[in-house]
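Reader: Could you take me through a single part of this one, slowly? I'd like a close look at the cavity, and at whatever sits next to it along the chain.

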Amino acid sequence: MRERALTVAAVCAAAVLGVTAVAPVAGAAPVAVKEKAVGEKVVGGKTAGQKAAGGKDADFNGDGYPDFATGAHTATVGAVKRAGVVTVAYGSAAGLKLSSASIISQATPGVPGDPVDDGKWREVGSFGDLDGDGYDDLVLNWAERFMVLWGSADGITGAGTTIPVGKTSAAPTALLGGTVGVGDVNGDGVDDFVTRGHDGLTYGLSVRLGPIDRTTGTSAGAWFRNTGKLDKQSTSAVYVGDLTGDGVDDVVVGGGVVLGNGKPGAMVLKGTATGLVKGGTFSGLHWYDTSYPSAFGDLNKDGYQDLVTGHADQNKVYVIYGGPNGLSDTMKHRSYSQASTGVPGTEEAGDKFGSAVAMGDTDQDGYDDVIIGASYETASDPATTSQSGAFTLLRGSATGITTTGAVTFTQNSKSVPSTSENNDHFGAAAAVLDSDKDGSPEVYVGGNGEDGYKGRVWRFPTGSTGVTGTGSTSFHLGTLGGPTSGGNFGYRIAG
């Protein structure tokens with residue numbers, strides 16, 4: 001795409017024209033909840049409760065201010081090249097405290113394993129309170145391995161545990177990896193760990209029920225759902241949030257195919273105290289893949305969480321509106337690209353529109369908005385800004401996402417630090433959080449290719465008029481007191 005540094009879309013009142021509807025397909029009626037359904041193993045069990053689910057901010061030190069985690073998977077640790085580090089900056093009344101961030105590596109006491117050359121310890125992924133102690137924990141997911149860094153009153157200190165991928169006494173199914181979702185799917189007040197899994201013969205969805213033991217990494221119980229047998233759908237990507245609005249998290253299964261017709265399909269599995277209950281199903285989304293970025297929020301202010309997923313391979317984002325059965329009865333599921341009416345720019349192969357997504361109310365109107373990264377975007381001159389990157393803001397409204405007032409930022413936008421250069425990959429990751437709890441969240445955007453792949457993160461203020469470059473700042477791994485060699489800082493963000 002060749003675009004102006006800052007582009008505002010002025011479109012007609014029909015703000016959602018030009019998008020592609022994802023047609024719903026008939027789904028099986030929800031089955032009655034039972035302790036052990038055919039093809040589904042339920043181990044353990046908990047008393048039902050409720051908590052806010054989906055779209056929450058990370059709070060690793062329990063002080064009420066949102067925190068911000070970033071990986072730098074090629075950072076040098078001591079003399080070990082490309083071993084990788086994880087950083088956590090903590091929110092406060094003055095915003096993120098960059099000077100007192102946690103810098104964690106496999107050389108940190110308490111972290112399992114040791115740093116190794118080209119270990120690329122990563123990726124900063126999901127978060128939630130997996131041990132039920134009131135502090136959010138950080139999940140790292142790399143090469144089909146999982147680790148939890150435990151939160152505490154001092155934040156993320158290095159205390160960590162590897163999650164067993166094989167069968168355990170509490171979990172008679174193995175984990176496959178790919179996308180990981182964390183949320184309270186059985187409503188007991190403790191978050192659970194959700195990913196793909198298998199029982200040796202069949203593949204589907206595995207849930208490791210919290211609390212997770214901090215010493216062994218084993219779970220209090222487990223569920224396995226044979227989605228091929230029960231739901232006639234393979235499982236690829238999983239997303240966890242409260243689409244049904246009942247205070248218990250649900251699981252969206254996507255990225256697979258509907259068995260029998262070979263077409264891509266997705267479904268909502270509603271969380272309950274004793275198992276997952278099939279809700280709405282829909283066609284579209286995407287073909288098989290396990291690592292799409294996602295975000296939950298309430299785009300149309302109807303009280304139900306909505307899900308946005310990014311699909312950089314297609315230059316698209318998909319929007320799923322929540323409702324009582326997991327899917328809205330009135331809002332169609334849609335996809336957006338740079339070819340959609342009102343979205344700034346021009347669609348071109350390789351832009352990677354959808355390489356990052358994040359949600360939050362950036363203009364204080366009560367509707368969550370969507371930040372969409374395009375990390376391989378060309379800002380202006382192809383010779384000097386190839387794959388420099390950009391991000392686009394699409395606003396929420398009573399009718400869902402609107403392209404009215406859509407805006408795109410690059411590093412060449414007014415007042416944004418640095419300039420767009422080849423391979424900066426600005427827009428590789430994104431988050432929206434209110435680190436100082438003043439009612440105006442900040443937008444954080446990662447550019448892991450900045451400064452010769454050392455990487456950087458940009459902070460954009462927001463207000464009643466939305467996101468602005470005025471007052472924007474940036475920081476890098478060295479700003480936080482981390483290693484100055486290597487990096488890819490800002491490639492993944494959790495917050």
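Author: Sure, and keep in mind that this is a predicted model. The lining of the largest cavity splits into four nonpolar, three polar and three charged residues. Gly 71, Ala 72 and His 73 are in that lining, along with Trp 121, Arg 122, Glu 123 and Val 124, and then Asn 488, Tyr 491 and Arg 492. The space inside comes to about 50 Å³, and the count of cavities of 30 Å³ or more is just one.

Now follow the chain around Trp 121, one of the lining residues. Lys 120 sits in the loop between β6 (97–104) and β7. Its backbone is worth a look: Lys 120 isn't a glycine, yet its phi is positive, about 45 degrees. Most residues other than glycine have a negative phi. As for its surroundings, Lys 120 has 32% relative accessibility, so it counts as partly exposed.

Val 124, another lining residue, brings us to β7, which spans 124–128 and is an edge strand. The sheet it belongs to is open, with four strands in the order β7-β8-β9-β10 and antiparallel pairing. At the other edge is β10 (160–162); each of these two edge strands pairs on one side only. On average, neighbouring strands in this sheet are turned by 25 degrees against each other, ignoring direction.

Over at the β10 side, β9 (residues 145–149) runs antiparallel to β10, and three bridges join them. If you want a spot to zoom in on, try Met 147, whose bridge partner in β10 is Thr 162.

Methods
Residues numbered from 1 in each chain as written. Predicted model: local features only at pLDDT ≥ 70, side-chain atom pairs only at ≥ 80, totals over all residues. Heavy atoms only, no water. 1 Å grid on protein atoms, 1.4 Å probe; cavity = no way out; pocket = protein on both sides within 12 Å on 5 of 7 lines; lining within 4 Å. Points joined across faces, edges and corners; volume = space filled by probe spheres on them. Nonpolar A, V, L, I, M, F, W, Y, C, P; charged D, E, K, R; others polar. Pairing = 2+ DSSP bridges. Axes fitted to C-alpha atoms, helices over the stretch in contact; angles between N-to-C directions. Buried < 20%, exposed > 50% of the residue type's maximum accessible area, 1.4 Å probe, protein only.
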